[in-house]
Amino acid sequence: MPIPIIYIRSARQISVQQPLTDDWFDNPILHRDVTAVRSLDPNFSEHIPPLVARRMCTLLRRAVVLSRLALRDANLEQPDAIISGTGLGCIQNTERFLHAIHDNGEQYLQPTYFMQSTHNIISATIAIDLKCHAYNTTYVHRGTSFENALLDALLRLRSGSIRNALVGGFDELTDDYLQFFRRTGRWQFTPAGFAGEAAVSLLLDGQQDTNTLCRLDDLRLLYRPTPDQLSASLHDLLTANGCSLDDIDAVLIGLNTNPDNDRVYLDAAPWLYPGTPLIHYKHLFGESFSASALAHYVAATCLRRGHIPSHLRLDGSATSLPARRILIHNHSMNKTHTLTLLTAC
């Protein structure tokens, strides 16, 4: 039996670039000499009634708005599955609840902060908003949370148990956890790097229409791979999808200016995908646990447009690249590696 073709029908983002648009493709906002940047939020009152929105934290508002728009773009009312990936969930509410415990001696606590601090509240809130009773789950695997959600959707679509899936990646910034990561050396950037926030919703479907962004060919997820295992997995990924490294127009990697993070990609490039142009995206969108969701959105947008803008090129060339096939390589602390292959329709 042939493997069903899976498409990314629609994609929406709220990030440090202009929200709900693809303006970054032609006119990116550049953030320099900053440690962290908050997302540029849309006017939520245009999408959510104020009385409903006031009961949600900012991250939940983003998730609800993006989910509604991703479904609308795909001309769907209800998804067959809602699957989210998040590294920290609604961490702001978690911190507010813990600070209240400390400051008030465990008295006069607000239950809303506690109820909205669990990681699965994001998928649950989307489902409540859409009145959707279908499959609903959340994956929490640090920097590869989104890929685990994507893999779940891909397997279910291929098995025929669902026809479409709303897949998202959501994370926010707080001063407390930024300070913690700086102390541990997790996020130490040059002036060209920064921490950001990410909120992305993709609609995956076995059917395409005139607005479909691209094809989602395949995904490989590896834990602590050796160089030979990583190379073999890439070869298997390409062979299974009837292409070779020569057919890949660019490899999208997650450089963030932290030497420990970037060295993994730059050391692997000469032997893993030699000669293939490298492109990056975190210089525009920042680093977060859900940054790879933005990578998939960026790659899908480039494939829809048919070319890769020069400001994504790592070699500094002023010319754009063709976009027919893009490989996304992401790693989390060099423990978990993921390879995703996307192809233009």
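Two strands count as paired if DSSP finds at least two bridges between them. Keep that rule in hand for this tour of a predicted model.

**Stop 1: the whole chain.** Show everything as a cartoon. The secondary structure comes to eleven helices and twelve strands. Turn the C-alpha trace along its principal axes: the spans are about 60 × 45 × 40 Å. A compact globule of 345 residues would have a radius of gyration near 20 Å, and the 19 Å of this protein agrees with that.

**Stop 2: strand S6.** Select residues 214–223. This is strand S6, and seven of its ten residues are buried, so the rest of the structure largely encloses the strand. Buried here means under 20% relative accessible area.

**Stop 3: S6 and S12.** Add residues 336–343, which form strand S12. S6 and S12 run antiparallel and are joined by eight bridges. Pick out Leu-222: its bridge partner in S12 is His-337.

**Stop 4: S6 and S1.** Now add residues 6–14, strand S1. S1 pairs with S6 over three bridges, again in the antiparallel sense. Click Ile-8 to find Cys-214 of S6 opposite.

**Stop 5: contacts and burial.** Zoom back out. Of the 345 residues, 56% count as buried. Among contacts with a separation of 6 or more, 76% come from residues 24 or more positions apart.

**Stop 6: surface and charge.** Switch on the surface. The protein exposes about 15,000 Å², and carbon and sulfur atoms supply 52% of that area. Then colour by charge. There are 30 positive and 34 negative side chains. The centres of the two sets lie 3 Å apart.

Notes:
Residues are numbered from 1 along each chain as its sequence is written. This is a predicted model: local features need pLDDT of at least 70, side-chain atom pairs count only at pLDDT 80 or more; totals for chains, interfaces and linings use all residues. Side-chain values use heavy atoms; hydrogens and water are left out. Buried means under 20% relative accessible area, exposed over 50%, partly exposed in between (1.4 Å probe, protein chains only). Helices (H or I, at least four residues) and strands (E, at least two) are DSSP runs, numbered from the N terminus. The radius of gyration is taken over C-alpha atoms; the globule rule is 2.2 Å times the number of residues to the power 0.38. Contact means heavy atoms within 4.5 Å. Accessible areas come from the Shrake-Rupley method with a 1.4 Å probe; for residues, only the protein chains shown count as cover. Lys and Arg count as positive and Asp and Glu as negative; His and the chain ends are not counted. The place of a charge is taken as NZ of Lys, CZ of Arg, CG of Asp or CD of Glu.
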